[in-house]
Amino acid sequence: MPRKKKSAHGKGNYKKEKKERDEEERTDIIEKPDMDNERFKAYYQAQNLVPEDEWETFYDALRQHLPTTFRVAGSRQYPDGLAWHFNVPKKVLRKSPEFKKFHSFLVFETEVGNVSRQEAVSMLPPLFLEVEPHHKVIDMCAAPGSKTAQLLEALHAQDSVTATSTPSGLLVANDSDQKRTHLLIHQSARLPSPALVVTNLDASIYPVMKIAAPTGPNGEKRTQQLLFDRILCDVPCSGDGTLRKNMGIWKNWQPMDGNGLHGLQVRILQRAMKLLKPDGRIVYSTCSLNPVENEAVLAAALKSNPGMYFYLVNVADKLPALKRRPGLTSWRPSVDRAIDTSYASYEEFRAAQDGKENIATKLTEGHWPPADVERYNLPRSMRIYPHLQDTGGFFVAVLERRPAESSVRKRELSTPAEEEQEPKKPRLEQDVKEESEPSTPAIEADDTAEESAVPGNAFEQNTASDLKIEAVDSQVTTETTATKVPRKEKKVKEGNGGGGNFKEHPYTFLPPTDPILLNCMYVWIYPTNPHTLIQNCRERLSLTSDFPSSNVLVRNPTGEAVRSLYLANDLVKSVVEHNNYARIRLSAAGTKVFSKQEGGKASASAGAEPQFRVLGEGLPVILPFVAPETIITADLASLKVLVGSYYPLVNSFVEPFKSIAEARPVGSHVVRFPPGELDGAVLTHEIVLPIWKSNVSLTLMMDKKAKSALSLRLFGADITTVGRDYAQKQAVTAQGSDAQPVVEETDGGKTAMQVVQETDILDAMNE
């Protein structure tokens, strides 16, 4: 076969052709006649998932393409007018010319964090968790991070339009897969928070974490276990509720996937119960329709709680517009791929095995409904079906822990029991083969999907440890224990979030008097004379004395130059300082706020002190601490110049901003742009942005994509350098198309470019 002639348009067209060819060869894109699975129908009809006269409607809904849904990100919560349902399938949205601009708009805004493209039912679990700014929260299976972002928004409910609050609470976002953890960190950076901690651990054996406790009667330092007010368990599952978007499941679905994951799901929920405070709340959720992964997990976890410390909460009055069905109380797991659901109980199943232990070990008693199933109030859980409101399938349950006040008082008056031991990873049966292993990759699953025994006294034996306070080990100092990890310690394999020793960059909190910290900010302090400053604040970004300088940390091995500074709240600092990271993989803590300014005259000078700049994503966090008199006020015309050019000269701006900028020293500055109008562009609310001033020019310190998104929203076109270059390349590629370049007048002169109008996007939405 002759080699295909190379495209005259070069590498760009080759990539486009390859992408189109790959999409044509994708196996998860199938036509509606192929959206059928006899095993699926046989299994779920046997479970009486929906009434018989509803089955066809339910099944047909699964075969329809899923609408596009997204929500407005920030410190505001769906469903208050901030989530949108667009009844166009993703494939049509991506391919159709009439929706091309709208699709680009969604991609752009999602990338910079202004929009979250998230399935409607996936938005539900954080809402039922009801997080408040003071809560200690953990998302046990957090990646890729859409629900984590919702939890962060709830923690930051007191944020303003321009500034981020510092909540007193904490969010620990955990995932067992290392690569997915990095994606989680990237997603979370869109809402910078000093209250965020990211860990890479197996949720089913999540270790005990410690925080500082009140000092002892003799002034000794003590620690206590970190217990959480709110826990989200959006566990790995078979994912058949996502059939409308993950169409490849149609070909490979079989019930043994759910059977194999049941044990892992139970262990994760049980571990969450151990980590919950009295009066705390857990939300358990899956994107599966299978009762073995849903109601059976709840029943097994609650059954292992003989003291009834936990119970399912009736949330029927929450989100009244949400159409839902109650959880099931009767189901029959399939014991093989042929959909044999003839066994009403585990005892009946074992009796029929006739001593075939290797088969019997694949299923456990927990796969079936318990004899006292009515005791657990399983109908209080919620099933979301696709035909009810044109969504995906989902399962949500809300559990709470009873206060147990009398037990608490009794423990306070008695000698504290031994602190809860670290959970041990269960041993798995080596002879469990193909039938108990999922035939398709589980949604967010790890490699411990087999069943393990549910201990009957799992909660009795550890209840007394909740209030345990112990003296700080003599080997633990006020320095972070992360710095004590041996330099040559072997690093854990990627993707393994449990066990082993970890080698991570150390977390070190700087003292407020550290030269690096002072050089970065020169804290604004008035001594006895209000007009006298300890440092010459005009030469650096000026922060007030309220700035929590003792909570600034760095992640640099000894001897390496500091390039970034992070800010954490008090609780995150306590977590960092009181835990041993030889056994806990801490991937991120706090949020990055300052970065070393590379290049330029200051950096080039031998022996010159390093200069730091405030990051665009970090500005909302430190803005409440910036001295108001140091913030520069500018107009919309100045913003347009900053957006339209990488390094506009100071003398290219108009007055009065020009004179103000000229008078400022080289370094990082904060600029406020009040509401205003310019040539049809309307800024409806104040925005505050960081800039860097060199000797002769200014730079808007924003990510390129964030700058383009701002330009599109404000000026109705991408007037950035990147946007203009892209438009010109598109015009060349079009060659003779009806689209003609538009001449846009800017302060820097006339530049030919093809613009994307915001009105076109709105027109596409209305058609």
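Trainee: At what angle do helix α5 (residues 100-111) and helix α22 (residues 704-715) pack, and how is α5 therefore classed relative to α22?

Mentor: Helices here are DSSP runs of H or I with at least four residues. The axes of α5 and α22, lines fitted to C-alpha atoms over the stretch in contact, lie 9 Å apart, and the packing angle, on a scale from 0 to 180 degrees between N-to-C directions, is about 130°. Because this angle is neither under 35, over 145 nor 65 to 115 degrees, α5 is oblique to α22.

Trainee: What kind of model is this?

Mentor: Residues are numbered from 1 along each chain as its sequence is written, and side-chain values use heavy atoms, without hydrogens and water. Local features need pLDDT of at least 70 and side-chain atom pairs 80 or more, while totals for chains, interfaces and linings use all residues, since this is a predicted model.

Trainee: Which residues of α22 meet α5?

Mentor: Contact means heavy atoms within 4.5 Å. From α5, the participants are F105, F108, E109 and E111. Their partners in α22 are K705, S708, A709, L712 and R713.

Trainee: Which residue of β2 stands opposite F70?

Mentor: Strands are DSSP runs of E with at least two residues, and two strands pair if at least two bridges join them. Strand β1 (residues 67-72) runs antiparallel to strand β2 (residues 83-89), joined by five bridges. In that pairing, F70 faces W84.

Trainee: How many residues of β1 are buried?

Mentor: Buried means under 20% relative accessible area with a 1.4 Å probe, protein chains only. Strand β1 is mostly covered, and of its six residues the buried ones number five.

Terms used
Buried means under 20% relative accessible area, exposed over 50%, partly exposed in between (1.4 Å probe, protein chains only).
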